[in-house]
Amino acid sequence: MSDDAKYAKELVETLKDGERGFASAAEKLRDSDRAEWAATMQRLAEQRAGFSREIVEMGHEYGDDVDKSGSATAAVHRGWIALKDAVTGDDAGSVLGAAVTGEDHAVSEYEKALEGDLSAGFRELVTRQHAAIVAARDEVKGLQVAD
């Protein structure tokens, strides 16, 4: 398996986790004392869905099916796992904290991919998405600070 396919699978899994996590956070926050954060979480969920589609489409162009589940190791280490516990409570700050944890994980996954031997086209896509993921993490952290 090429580095492109290997990292693409991992990033797609991370993005799907982020999409689900942000969507869950948005749902939870809509009825909280921080309902204004819900729109941000929903926007970021949609961003992740778009990023995942971009990677899957690029994989198809190269003949790789990167939309299949990633490794068992990735499943164990996903950063959004903490959100499951946070959304069962009523604390908006906990939901936001779980989102930050998930974002830290996503940034880490993108940085690992950028250390790989990626093709020029895939590297360009990962670099662009990485910058947006870092910006999203910083935005979520900014909400946390403002709380």
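Modeller: Welcome! Helices here are DSSP runs of H or I with at least four residues, numbered from the N terminus. Keep in mind that this is a predicted model.

Biologist: Thanks! With that in hand, in which helix is Thr40 found?

Modeller: Thr40 touches Glu139 and Leu143, leaving out residues up to four places away in sequence. Helix H2 covers 36-61. Thr40 is found in helix H2.

Biologist: Does Thr40 count as buried or exposed?

Modeller: The cut-off for buried is under 20% relative accessible area. Thr40 has a relative accessibility of 14%, so this residue counts as buried.

Biologist: Let's turn to the nonpolar interior. Which helix gives the largest share of the largest core?

Modeller: The largest nonpolar core has 19 residues, and Leu11, Ile55, Tyr110, Phe122, Val126 and Ile133 have the most contacts inside it. Two or more residues come from each of helices H1 (3-30), H2 (36-61), H5 (92-114) and H6 (120-146). The largest share, 5 residues, comes from H1.

Biologist: Nice. How many residues does the other core have?

Modeller: This second core lies apart from the largest one, and Phe22, Ala45, Ala99 and Val100 are among its members. Its residue count is 17.

Biologist: Which residues is Val126 in contact with, leaving aside neighbours within four places in sequence?

Modeller: Val126 is one of the residues with the most contacts inside the largest core. With those sequence neighbours set aside, its contacts are Leu11, Tyr110, Ala113, Leu114 and Leu118.

Biologist: Now the charged pairs. How far apart in sequence are the parts that Glu139 and Arg43 tie together?

Modeller: Glu139 and Arg43 form a salt bridge, with their closest N and O atoms 2.4 Å apart. Glu139 is partly exposed at 31% relative accessibility, and Arg43 is partly exposed at 40%. Because Glu139 lies in helix H6 and Arg43 in helix H2, the pair ties together parts whose separation in sequence is 96 residues.

Biologist: And about how many helical turns separate Glu109 and Lys112?

Modeller: These two form a salt bridge, the closest N and O atoms being 2.8 Å apart. Glu109 counts as buried at 11% relative accessibility, while Lys112 counts as partly exposed at 40%. Since Glu109 and Lys112 are 3 residues apart in helix H5, their separation is about one helical turn.

Biologist: Last one! How many salt bridges does the structure hold?

Modeller: One of them joins the side chains of Arg34 and Glu36 at 3.4 Å, N to O. Others share partners and join Asp104, Arg137, Asp138 and Lys141 into one network. The total for the structure is 9.

Technical notes:
Residues numbered from 1 in each chain as written. Predicted model: local features only at pLDDT ≥ 70, side-chain atom pairs only at ≥ 80, totals over all residues. Heavy atoms only, no water. Core = buried A, V, L, I, M, F, W, Y, C linked by side-chain atoms within 4.5 Å. Buried < 20%, exposed > 50% of the residue type's maximum accessible area, 1.4 Å probe, protein only. Contact = heavy atoms within 4.5 Å. Salt bridge = Lys/Arg side-chain N within 4 Å of Asp/Glu carboxyl O.
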